Amino acid sequence: MDKSIIQAEKECYICRRWYNVRTTSGLEEHHVITGPLRAFAERNGLKVWLCHRHHNEPGYSAHFDAGLALALKAAAQKSYEEKNGPGAHAAWMAAVGKDYLNA
């Protein structure tokens, strides 16, 4: 995975952020913005490392829990706008078309 702008360490983003546990094995790359915007996510580092349980297992995971998916999208938007400075919100809206910070 190219550098993420959301996280600095290669560890499960959910395990660390929600449970303060450092999970570093069995990690999978998760593009926070998907579908036709996956290339935008790749170019801009809008991805995180997740353990398999938090990536693609039923229950509390990025592909099964809509609330978690929205939280990750909000974190991606926040990181994008902080990294890119003035005008970043307009650029985000032009590319993505949805404001996850004010949803």
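In the predicted model, the axes of helix α4 (residues 66-84) and helix α5 (residues 88-96) approach within 8 Å and cross at roughly 135°. Helix α4 is therefore oblique to α5, an angle over 145 degrees being required for a roughly antiparallel pair. The crossing of the two helices is right-handed. On the α4 side, the contact is formed by K73, A76, Q77, Y80, E81 and N84, and on the α5 side by A88, H89, A91 and W92. By residue class, this contact of α4 with α5 comprises five nonpolar, three polar and two charged residues.

Nonpolar side chains in soluble globular proteins tend to be buried together. In the present model, the largest nonpolar core contains 26 residues, and Y13, L46, L72 and W92 have the most contacts inside it. Two or more residues are contributed to this core by each of α1, α2 (38-44), β2 (47-51), α4 and α5. Helix α4 supplies the largest share, namely six residues.

W92 belongs both to the α5 side of the helix contact and to the residues with the most contacts inside the core. When neighbours within four places in sequence are set aside, the contacts of W92 include K73, A76, Q77, Y80 and E81, five residues that also appear on the α4 side of the helix contact. The remaining partners of W92 are I33, F40, L46, G97, K98 and Y100. Of these, L46 is itself listed among the core residues with the most contacts.

The segment after α5 contains L101. This residue is partly exposed, with a relative accessibility of 38%. Apart from neighbours within four places in sequence, L101 contacts A74, Q77, K78 and E81. The C-alpha atoms of L101 and Q77 are 7.1 Å apart, although the two residues are separated by 24 residues in sequence. Q77 and E81 are thus named as partners of L101 and likewise as partners of W92.

Helix α4 also carries E82, which is exposed at a relative accessible area of 56%. A C-alpha to C-alpha distance of 16 Å separates E82 from K47, and the pair is 35 residues apart in sequence.

The loop between α1 (13-19) and β1 (27-31) includes N20, R22 and S25. Most residues other than glycine have a negative phi. N20, which is not a glycine, nevertheless has a positive phi of about 55°. The residue is exposed, its relative accessible area being 59%.

In the same loop, R22 is in contact with E9, E11 and R16 once neighbours within four places in sequence are left aside. Its C-alpha atom lies 20 Å from that of V32, a residue 10 positions away along the chain. S25 is exposed, with a relative accessible area of 56%. Between the C-alpha atoms of S25 and K83, which are 58 residues apart along the chain, the separation is 28 Å.

Technical notes. Residues are numbered from 1 along each chain as its sequence is written. This is a predicted model: local features need pLDDT of at least 70, side-chain atom pairs count only at pLDDT 80 or more; totals for chains, interfaces and linings use all residues. Side-chain values use heavy atoms; hydrogens and water are left out. Axes are lines fitted to C-alpha atoms, for helices over the stretch in contact, and angles run from 0 to 180 degrees between N-to-C directions. Helices (H or I, at least four residues) and strands (E, at least two) are DSSP runs, numbered from the N terminus. Angles under 35 degrees count as roughly parallel, over 145 as roughly antiparallel, 65 to 115 as roughly perpendicular and the rest as oblique. A crossing is left-handed if the near helix is turned anticlockwise from the far one by less than a right angle, and right-handed if clockwise. Contact means heavy atoms within 4.5 Å. Ala, Val, Leu, Ile, Met, Phe, Trp, Tyr, Cys and Pro count as nonpolar, Asp, Glu, Lys and Arg as charged, and the others, Gly among them, as polar. Buried means under 20% relative accessible area, exposed over 50%, partly exposed in between (1.4 Å probe, protein chains only). A nonpolar core is a set of buried Ala, Val, Leu, Ile, Met, Phe, Trp, Tyr and Cys residues joined through side-chain atoms within 4.5 Å.
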